[in-house]
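Open the model in your viewer and keep the selection tool at hand. The stops below run from charged pairs to a few single residues.

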Amino acid sequence: MIKKYDICLFTETKLSDIDILNIPDDYMYYSKIRKKCKRKSGGIVVMYRNKLKGYLNFINTDCEFVQWVKISKLIINQKTDSLLGCVYIPPSNSKYSTSESFDEVENEMLNIKNIESLNCIIFGDFNAKTGSLPDYIIPDENLVDIFEFNSDEDILSYMFDYENLPRNSIPLHRVTSCNCAPNNYGHKLLNVCKRNNMYIANSRVGNDKGIGKKTCNDTSVIDYLLLSSNLFPVVKEFDIMEFDPLVSDVHCQLHVVIQAPVILYNSNDELSQFCSEKYVKWRKEKCSEFLDNVKSDHDCRLVYV
């Protein structure tokens with residue numbers, strides 16, 4: 001499963017400081033261990049291909065609910081780098097839960113984004129049931145006129161950011177196959193989205209568009225992919241995979257393919273092999289095969305478990 005992806009995000013790994021993971025040779029990993037615990041619990045791990053080492057910057061922060069990774073703009077076709085977050089919020093009835101967990105994640109995101117203007121990609125088990133409630137706010141245009149916001153492009157861009165979704169053929173309204181009523185964590189997550197112009201990708205893109213598949217125990221949707229509006233156009237695939245008991249206890253994998261503008265080679269292997277190839281004459285009848293291979297090489301595949 002790991003070898004199918006360039007970046008793999010895992011939560012609830014129950015790793016400790018002395019654990020060493022046996023992973024494929026061409027992969028590396030970065031882990032965040034839950035501190036001050038009598039036994040193994042929690043734990044976030046990000047695995048990635050060796051060739052991505054120079055393009056990922058792992059950010060060390062205090063919040064135990066999230067691991068942040070800055071992804072170079074060379075990987076994702078954007079003007080700036082992007083911020084990737086892997087989040088695990090313990091259930092409200094857990095001894096590890098706190099009422100400030102969502103605030104801690106949001107504050108760290110804002111602190112990092114204030115340094116640079118970054119688009120965000122956040123995977124997470126938020127233990128949040130949101131139903132189909134909106135994750136955006138449509139501003140009152142009368143108030144915009146009263147407070148003369150029309151003259152401030154930054155404010156207008158922030159207030160009307162949600163319009164980027166229908167502009168890119170992304171539905172504003174979400175659907176869900178979950179019959180659970182929204183819970184307190186669900187409202188907290190929706191408020192984080194509204195304040196920061198983050199949008200839930202579930203039921204909006206890929207094979208999950210118009211469906212909103214259940215992600216946990218075949219009963220609820222609590223695992224989400226959140227995106228900045230500018231990143232929706234680069235998402236080529238999104239799917240909630242079939243439950244696999246070898247990978248998780250009750251959760252389904254979130255599969256994502258993001259379009260990458262460049263092919264990333266290791267300087268001492270793939271690139272040298274490529275340059276050593278003899279000249280091959282172009283064959284017009286191979287055009288379609290060539291394009292298919294180029295497109296497949298320009299993908300960055302991610303999975304969240």
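Buried means under 20% relative accessible area, exposed means over 50%, and partly exposed is in between (1.4 Å probe, protein chains only). This is a predicted model, in which local features need pLDDT of at least 70 and side-chain atom pairs count only at pLDDT 80 or more, while totals for chains, interfaces and linings use all residues. Residues are numbered from 1 along each chain as its sequence is written, and side-chain values use heavy atoms, with hydrogens and water left out.

**Stop 1: Asp135 and its partners**

A salt bridge here is a side-chain nitrogen of Lys or Arg within 4 Å of a carboxyl oxygen of Asp or Glu. The whole structure holds eight salt bridges. Select Asp135 and Arg174, whose side chains form one of them at 4.0 Å, N to O. Arg174 sits in the loop between helix H4 (164-167) and helix H5 (184-196), and Asp135 in the loop between strand E7 (119-125) and helix H2 (141-146), so the pair ties together parts 39 residues apart in sequence. Helices (H or I, at least four residues) and strands (E, at least two) are DSSP runs, numbered from the N terminus. Both Arg174 and Asp135 are buried.

Now add Arg204. Its side chain meets that of Asp135 in a salt bridge of 2.7 Å, N to O. This pair links distant parts of the chain, 69 residues apart, with Arg204 in the loop between strand E8 (198-200) and strand E9 (223-228). Arg204 is buried, as is Asp135.

**Stop 2: Arg49 and Asp26**

Select Arg49 and Asp26, which form a salt bridge with the closest N and O atoms 3.5 Å apart. Arg49 is in strand E3 (residues 44-49) and Asp26 in the loop between strand E1 (7-10) and strand E2 (27-32), 23 residues apart. Which of these counts as buried? Arg49 does, at 16% relative accessibility; Asp26 is partly exposed at 36%. Add Asp6 to the selection: Asp6, Asp26 and Arg49 are linked in a network of salt bridges.

**Stop 3: a charged patch and a buried glutamate**

Select Glu64, Glu100, Asp103 and Glu104, which gather in a patch of negative charge on the surface. Patches are built from residues with over 30% relative accessible area and no salt bridge, like charges being joined within 9 Å. Glu64 lies in the loop between strand E4 (56-59) and strand E5 (66-71) and is partly exposed, with a relative accessible area of 32%.

Go next to Glu108, in helix H1 (residues 101-115). Glu108 is buried, at a relative accessible area of 12%. Its C-alpha atom is 8.8 Å from that of Asp62, 46 residues away along the chain.

**Stop 4: the loop between E10 and E11**

Select Ser248, in the loop between strand E10 (235-240) and strand E11 (254-259). Ser248 counts as buried at 12% relative accessibility. What does its side chain make a polar contact with? One partner is the side chain of Asp249, at 3.2 Å. A polar contact is a pair of N or O atoms within 3.5 Å; within protein, one must be able to donate a hydrogen and the other to accept it, and residues adjacent in sequence count only if both atoms are side-chain atoms. The backbone nitrogen of His251 also lies 3.1 Å from a polar atom of the Ser248 side chain.

End on Val250, in the loop between E10 and E11. Val250 counts as partly exposed at 25% relative accessibility. Measuring C-alpha to C-alpha in the viewer, expect 8.1 Å between Val250 and Asp218, which are 32 residues apart in sequence.

Conventions. Patches are made of residues with over 30% relative accessible area and no salt bridge: like charges are joined within 9 Å, nonpolar side chains (Val, Leu, Ile, Met, Phe, Trp, Tyr) within 5 Å. Accessible areas come from the Shrake-Rupley method with a 1.4 Å probe; for residues, only the protein chains shown count as cover. Lys and Arg count as positive and Asp and Glu as negative; His and the chain ends are not counted. The place of a charge is taken as NZ of Lys, CZ of Arg, CG of Asp or CD of Glu.
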